[in-house]
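Me: Please take a close look at one part of this structure for someone new to it. I would like to begin with the part that carries a database annotation and then see how the domains meet.

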Amino acid sequence: MVRLESLVELSGWVRFLGGRYPVQHNRVLLPIPAMQPPGVYPAELEIEGVRLRLEVRVVAGRFGRFVLRLPPERQALLVPERLRAERERVVAACDVGRPQMWQGPFRKPVSSERITDPFGTRRSYDQGRTFTYHEGLDYGVPEGTPVYAPAPGVVGLAERLFVRGGAVVLDHGLGVCSGFWHLSRVVVRPGQRVGTGELLGYSGNTGLSNGPHLHFELRVRGIPTDPAPWFLSVP
Ligand SMILES: [Zn+2]
């Protein structure tokens, strides 16, 4: 995050890694994709018509790595166009123009602390030829575990998706949206406003899932970021 010290609200943008991010309440949230190689990257700040060059240092995260052995019939379901269309639907459910709705740190979406796969784990579905990364946190909870809103928001999506199964996207404003996948049951509707701790649905094993768990993720302007720091302090 870039914070600007000013008594008045400034307007401007930061260009960073091919994206253009607005200054909102004198600060800018800059998401860094988990596959970004470590290094120093330029960021261009344009504020009230003045341009400044900043540098952002990206350090290596400690991400695990594993190769998934999928049965051929499941691998055949991973059609790139299908995956892309679903991802676009999830990203489009987040309204970047919505004002900030959260105040303090985010609350955990389930009462469990059992994280079976953290954010950023490198995964390969094709015997190690290419790697993607895990876009959220997996909680190893039994089917039917209540899933709660981690912060106030508006339901952007509540439906069954092919890969993500029973899915809810919650829009918290400023381009920050959380996602809850593989749910067995969804109890909210698109457009509904929910408060922190309100019930969204129940965990399950729907979509392309290898056993009951809750996948929880947090995107900033469409880019998945590590949800864990959001439980401690928020920008
Ligand atoms: Zn997951």
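Reply: The UniProt annotation "domain: M23ase beta-sheet core", from an unreviewed entry, covers residues 133-227; UniProt positions are given in the numbering used here, feature names are shortened, and annotations may be inferred rather than shown by experiment. Residues are numbered from 1 along each chain as its sequence is written. This is a predicted model, in which local features need pLDDT of at least 70, side-chain atom pairs count only at pLDDT 80 or more, and totals for chains, interfaces and linings use all residues, while side-chain values use heavy atoms, with hydrogens and water left out.

Over residues 133-227 the chain is 52% strand and 0% helix (DSSP runs numbered from the N terminus: E of at least two residues for strands, H or I of at least four for helices). The end C-alpha atoms of this stretch are 14 Å apart.

The protein chain is divided into domain 1 (2-58) and domain 2 (65-231), with bounds from an automatic or database domain assignment. Their C-alpha centres lie 26 Å apart. The contact (heavy atoms within 4.5 Å) takes 14 residues from domain 2 and 12 from domain 1.

Between them the domains bury about 1100 Å², 67% of it on carbon and sulfur atoms; buried area is the accessible area (1.4 Å probe) that two parts lose on being put together, summed over both. Leu-29, Ala-34 and Met-35 supply 44% of the area that domain 1 buries against domain 2, more than any other three residues.

The count of salt bridges (a side-chain nitrogen of Lys or Arg within 4 Å of a carboxyl oxygen of Asp or Glu) between domain 1 and domain 2 is 0. A search of the whole structure finds 11 salt bridges. In one of them, the side chains of Glu-44 and Arg-15 meet at 3.9 Å, N to O. This pair links distant parts of the chain, 29 residues apart: Glu-44 is in strand β5 (residues 39-47) and Arg-15 in strand β2 (residues 12-16).
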